[in-house]
Amino acid sequence: MPPAFFVDAKRPSLGDYVTGRSDESNSQVNRFIANDNSSKTRSSQKGVPKVKRCISNDRNSKENDNDSKDKELIRNGENHFQQDRLLAAARMFLMVKDKSLLQRKHLDIVENAKSCEGMVAELKSPVNAGWTKIGESHGDHDTVIYFKMEKDAKITCRLETPIEPSLLVPLLSVLNETDLYQTWLPSWKRPVRIGVTQSNRLQQTGRASQIVLIKCDVPWPLNSREGVISALAFEDIDSTGDIFIRLQSRDTGDDGGIVPPPDNPKTQRVQVQGGFLFRKCPWDHPTLRNKGSSGTRIDKEYARSNNGNDLPKKGIHKDNLILVSVSYQIDAKIQMLPQSAINFILKTVVGAIWARFLQVAEDVRDGRRPQHADAIAKKRGVLYDWVDERVQKMLSNHSTRYGNISREDIEFIHYLAS
C-alpha cells in the first residue's frame with residue numbers, strides 16, 4: 001500500500017506535474033517527489049534486514065525443532081534400552097538427524113542391535129544344504145538338531161523345539177540361574193571325560209543379562225577349558241514378536257576389568273558365539289508332523305487315560321506353541337581329538353544336554369526343583385512376571401495360520417480315547 005500522503009486530496013494530480021504550475025506548485029511537487037523517494041529508500045533499507053532476520057529466525061526455529069526432536073528420540077531410545085528393548089532403542093538412535101548428539105554408548109547399542117538382528121534373521125531362515133541333521137525326536141518334546149563343522153574344528157549347532165507357553169518361565173529360569181548349572185548339567189567319564197565343573201556369575205548386567213564364567217572337563221590329552229560368556233537378553237515383541245538372548249565370548253580385561261585371567265595358565269579359553277530365539281511357532285514348522293487335523297499335538301495314551309474328557313496336557317494347539325531356536329558356534333580347540341570323540345560330542349553330548357535342559361524346565365514347572373522355585377519367587381516381580389506378560393502379548397499379537405483348537409481335533413481326541 002502506498003504511503004498515506006499519496007492519497008491526500010489536497011495534493012496535485014499527476015497532470016499538474018506535467019502542464020506546469022507556479023514555482024510554488026512545482027516546489028511543492030518536488031518536495032513530494034523527494035519525500036516519496038526518501039520514504040521508499042528508507043522502506044527498502046529497513047526491509048532487507050527484516051527479511052534476513054525472518055529467514056534466520058525461521059532457520060533457527062527449525063534447528064531448535066530438530067534438536068528438540070533428536071533429544072526426544074535419544075530419551076526414548078534410552079528408555080527402550082532400560083526396558084530391555086534393544087532393537088527399539090537402536091531404531092530411535094538411527095532416526096536422530098544430528099549424529100553429534102549420540103554418545104559412544106548409543107553407538108554401541110546400535111552396533112549390538114545390528115549384530116543381534118543378523119543372528120535372529122539367520123535363526124529364522126530355513127536350514128540349507130550346509131547343515132547336517134544329527135538328530136530328530138518326537139517324544140515329550142519335538143526336537144530337531146543340526147550341525148556344521150567349520151574349519152579348524154569349529155562346531156556350529158542348531159536346535160529347534162516347540163514348547164508350551166507354561167514352560168517358558170521355567171526354561172528361562174534354568175538358563176538364567178547360572179549358579180545352579182552344576183546341579184543339573186550332565187557329565188561323562190566314558191568314552192571321554194567331559195562336563196561342567198564350575199559356573200559363576202561375574203556380573204548381572206540387566207534384567208536377564210549377565211556375564212558368566214563356566215569351567216569344563218575335556219578329554220585327555222587336552223587341558224581344561226573355560227569360557228566367559230556375556231548373555232544379552234532383549235525383547236522385540238511389539239515389532240517382530242521375538243525374545244532373544246545373544247551369547248558372546250568375553251576376553252580377559254573386558255567389561256571394565258570384570259573378566260579375570262584363567263586361574264591355571266594351561267587352561268584354554270573357549271570362544272562361543274550364538275543365541276536363543278523365542279517366538280510364536282510357525283504353523284508349518286518341520287517338527288509339527290503327524291498332529292491332529294489343525295496341527296494339535298496329540299498324546300494317545302494320555303487321551304485314553306482321561307477318556308477324552310478334556311484337552312490333553314500334551315495336546316496343545318500349535319498356534320499356542322513357542323518355538324525355541326538355538327544356534328551356537330564353539331571353538332573349543334579340539335583339533336587333537338580323534339574323530340570318534342568328536343562324533344560322540346556331536347551325536348550324544350549335544351542332544352543329551354538339550355534333553356536334560358528341557359526335562360529340568362519341566363521339573364521346575366511341576367515343583368520338583370526347589371532351588372529354581374526360590375530363584376523364580378525372588379525375581380518374579382523384576383523378571384518373571386514381565387516374561388509372562390510379554391509372552392501373552394507375543395501369542396496374541398503375532399498370529400499364525402490357525403485359531404483355537406478345532407472341533408475336529410476334539411473329536412479326534414475322543415476317537416483316540418475310544
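Begin by selecting residues 339–365, which form helix α8 in this predicted model. Helix α8 comprises 27 residues. From its first C-alpha to its last, α8 reaches 39 Å, close to the 39 Å expected at 1.5 Å a residue. Next, centre the view on isoleucine 345, where α8 bends by about 30 degrees. Then move past the helix to glycine 367, which follows α8 and has a positive phi, near 80 degrees.

Keep α8 displayed and add residues 168–176, which form helix α5. The axes of α5 and α8 lie 8 Å apart, and the two helices pack at an angle of about 115 degrees. Their crossing is right-handed. To examine the contact, show the side chains of Pro170, Leu171, Ser173, Val174 and Leu175 in α5. Their partners in α8 are Phe357, Leu358, Val360, Ala361, Val364 and Arg365. Sorted by class, the residues of this contact are nine nonpolar, one polar and one charged.

For the final stop, select helix α3 (residues 86–94) together with helix α4 (residues 104–124). How do the axes of these two helices cross? They come within 9 Å of each other and cross at roughly 125 degrees, which makes α3 oblique to α4. The crossing by which α3 passes α4 is left-handed.

Now display the residues that meet here. On the α3 side they are Leu86, Leu87, Ala89, Ala90, Phe93 and Leu94. On the α4 side they are His106, Ile109, Val110, Asn112, Ala113, Cys116 and Glu117. The contact of α3 with α4 consists of 10 nonpolar residues, two polar and one charged.

Conventions. Residues numbered from 1 in each chain as written. Predicted model: local features only at pLDDT ≥ 70, side-chain atom pairs only at ≥ 80, totals over all residues. Heavy atoms only, no water. Axes fitted to C-alpha atoms, helices over the stretch in contact; angles between N-to-C directions. Helix = DSSP H or I, 4+ residues; strand = E, 2+ residues; numbered from the N terminus. Parallel < 35°, antiparallel > 145°, perpendicular 65-115°, else oblique. Left-handed = near helix turned anticlockwise from the far one by under 90°. Contact = heavy atoms within 4.5 Å. Nonpolar A, V, L, I, M, F, W, Y, C, P; charged D, E, K, R; others polar. Expected span 1.5 Å × (residues − 1). Bend = angle between axes of the 7 residues up to and from the residue.
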